[in-house]
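Trainee: I would like to learn how to read a structure feature by feature. Where do we begin?

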Amino acid sequence: MKADYYEMLGVSREVDEKGLKSAFRKLAMQYHPDRNPGDAQAEVKFKELGEAYEVLKDPQKRAAYDRFGHAAFQNGGGAAGGFRGDFASSMADIFDDIFGEMMGGRARGRQTGGSGRERGSDLRYNMEISLEEAFAGKTAEIGVPTTIQCDECSGSGAAPGTSPKTCPTCGGVGRVRAAQGFFSIERTCPACEGRGQVISDPCGKCGGDGRLPEERTLSVNIPAGIEDGTRIRLAGEGEAGLRGGPAGDLYIFLSIKPHEFFQRDGADLFCKVPVSMVTAALGGHFDVTTLDGNTSRVKVPEGTQAGKQFRLRGKGMPVMRAAQSGDLFIQVSVETPQNLSRRQRELLEEFEQISSTDNSPQSNGFFARMKEFFEGLSES
């Protein structure tokens, strides 16, 4: 038995247009074949979702479905059968409606009433920088393979001295209508692919696209304090539009290399520093170099335990769009002496003999509490 369209999309029968579109968008992205390569079940699910949305998004089809169910579209009775018969065209129309803004504006370009121009694709560039560069900021030069407007035809796609003509099939609208039972279905024009124009004499240099491949060198400003995973948008620096359409955008995705000494959490930095047992016991100090290249002195109090943290205020990462910085946290690890000489061993043994419970309150207290705990269990 065929699944209910509302249940398939996970919505109630009272769902409005906005809720219907949102539900379909989420599921279509989840089951899209590009995200599930080789998964036949996902492809079937994707087609079923498209069929359900094709019916429910149209008020007339939805009314018929609410009244008669799937029977409304059987025996040539309407849209659902037509959807299956021309899945690619119908799905393209759905994605024009749902994902037009997300897909770089191509759908909008094909609905401009016969302009023939399409927005260029957005581009992605992955950039890796060091933590020091993220701290200080930088200006980087990058080479981006892209497309530029053809200088031979000025982006029109037509040979010099000619121009694109209005599509005779759709009259320049970019869409055609076809009867499907009781309903009229509008689809992208197959002759002009929705552009509304056709080129009878294409430009010899660009082959009618109106654009040519080229690698461009761009300057990118990396602000101080930028975080891992940040996306920088350079408007109009993507691919040139088809046949004179507007250019897409360039998105730069930043990643920060792991640092040898510092770990980052937001604007704060963390560093683990080993100190000798003697320094931890008697007290002392050590110097640590911060990301700004300066040196800060950290005082170690007498009796410092392993894991103790010291906070250096304002020595962390700059906060973007704010005149402040995070903090640097120094965590101490106490190093146990190795490769002891005979004299060093004698001194440590002598120290152990004359030590009292006050010298190691944590260890002595721990074992005392453990003994008391288990004695209490045996008595109960």
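Mentor: Start with charge pairs. This is a predicted model. Side chains of opposite charge can pair when their charged atoms come close. Here, Arg119, Asp122, Arg233 and Asp249 are linked in a network of salt bridges.

Trainee: How many salt bridges are found in the whole structure?

Mentor: The search finds 16. Take one of them: Arg13 and Asp66 meet through their side chains, at 3.4 Å from N to O. This pair links distant parts of the chain, 53 residues apart. Arg13 sits in the loop between helix H1 and helix H2, and Asp66 sits in helix H4.

Trainee: Are Arg13 and Asp66 buried or exposed?

Mentor: Use the cut-offs: under 20% relative accessible area is buried, over 50% is exposed, and partly exposed is in between. Arg13 has 43%, so it is partly exposed. Asp66 has 39%, so it is partly exposed too.

Trainee: Which strands does the salt bridge of Arg297 and Asp287 link?

Mentor: Arg297 is in strand S13, and Asp287 is in strand S12. The two residues are 10 apart in the chain. Their side chains meet at 2.9 Å, N to O. Arg297 counts as exposed, at 54% relative accessibility. Asp287 counts as partly exposed, at 43%.

Trainee: What about a pair inside one helix? Where do Arg343 and Glu346 lie?

Mentor: Both are in helix H10. They are 3 residues apart, about one turn of the helix. The salt bridge between their side chains spans 3.6 Å, N to O. Glu346 is partly exposed, with 38% relative accessibility.

Trainee: Helix H10, then. Now for pockets. How do I look for empty space?

Mentor: Rolling a probe the size of a water molecule over the atoms shows where empty space is left. In this model, the largest pocket holds about 940 Å³ of space. Its lining takes two or more residues from each of helix H9, helix H10 and helix H11.

Trainee: Which residues lie nearest the centre of the largest pocket?

Mentor: Met277, Ala281, Phe351, Asn359 and Ser360. They belong to a lining of 24 residues.

Trainee: How many residues of each class, nonpolar, polar and charged, are in that lining?

Mentor: There are 11 nonpolar, 10 polar and 3 charged residues.

Trainee: And the surface? Which residues form a nonpolar patch there?

Mentor: Phe366, Phe367, Met370, Phe373, Phe374 and Leu377. Together they have about 640 Å² of accessible area. Phe374 is in helix H11, which also gives residues to the lining of the largest pocket.

Trainee: Last topic: backbone angles. What should catch my eye?

Mentor: Check the sign of phi. Most residues other than glycine have a negative phi, and most peptide bonds are trans. Ser154 has a positive phi of about 60°, although it is not a glycine.

Trainee: Where is Ser154 placed?

Mentor: Ser154 is in the loop between strand S2 and strand S3. At 56% relative accessibility, it counts as exposed.

Trainee: Which loop holds Glu193?

Mentor: The loop between strand S5 and strand S6. Glu193 has a positive phi as well, near 60°. At 41% relative accessibility, Glu193 counts as partly exposed.

Definitions and conventions: Residues are numbered from 1 along each chain as its sequence is written. This is a predicted model: local features need pLDDT of at least 70, side-chain atom pairs count only at pLDDT 80 or more; totals for chains, interfaces and linings use all residues. Side-chain values use heavy atoms; hydrogens and water are left out. On a 1 Å grid over the protein atoms alone, a cavity is a set of points where a 1.4 Å probe fits but cannot get out, and a pocket is an open set with protein on both sides within 12 Å along at least five of seven lines; lining residues have an atom within 4 Å of a point. Grid points are joined across faces, edges and corners, and a volume is the space filled by probe spheres set on the points. Helices (H or I, at least four residues) and strands (E, at least two) are DSSP runs, numbered from the N terminus. Ala, Val, Leu, Ile, Met, Phe, Trp, Tyr, Cys and Pro count as nonpolar, Asp, Glu, Lys and Arg as charged, and the others, Gly among them, as polar. A salt bridge is a side-chain nitrogen of Lys or Arg within 4 Å of a carboxyl oxygen of Asp or Glu. Buried means under 20% relative accessible area, exposed over 50%, partly exposed in between (1.4 Å probe, protein chains only). Patches are made of residues with over 30% relative accessible area and no salt bridge: like charges are joined within 9 Å, nonpolar side chains (Val, Leu, Ile, Met, Phe, Trp, Tyr) within 5 Å. Accessible areas come from the Shrake-Rupley method with a 1.4 Å probe; for residues, only the protein chains shown count as cover.
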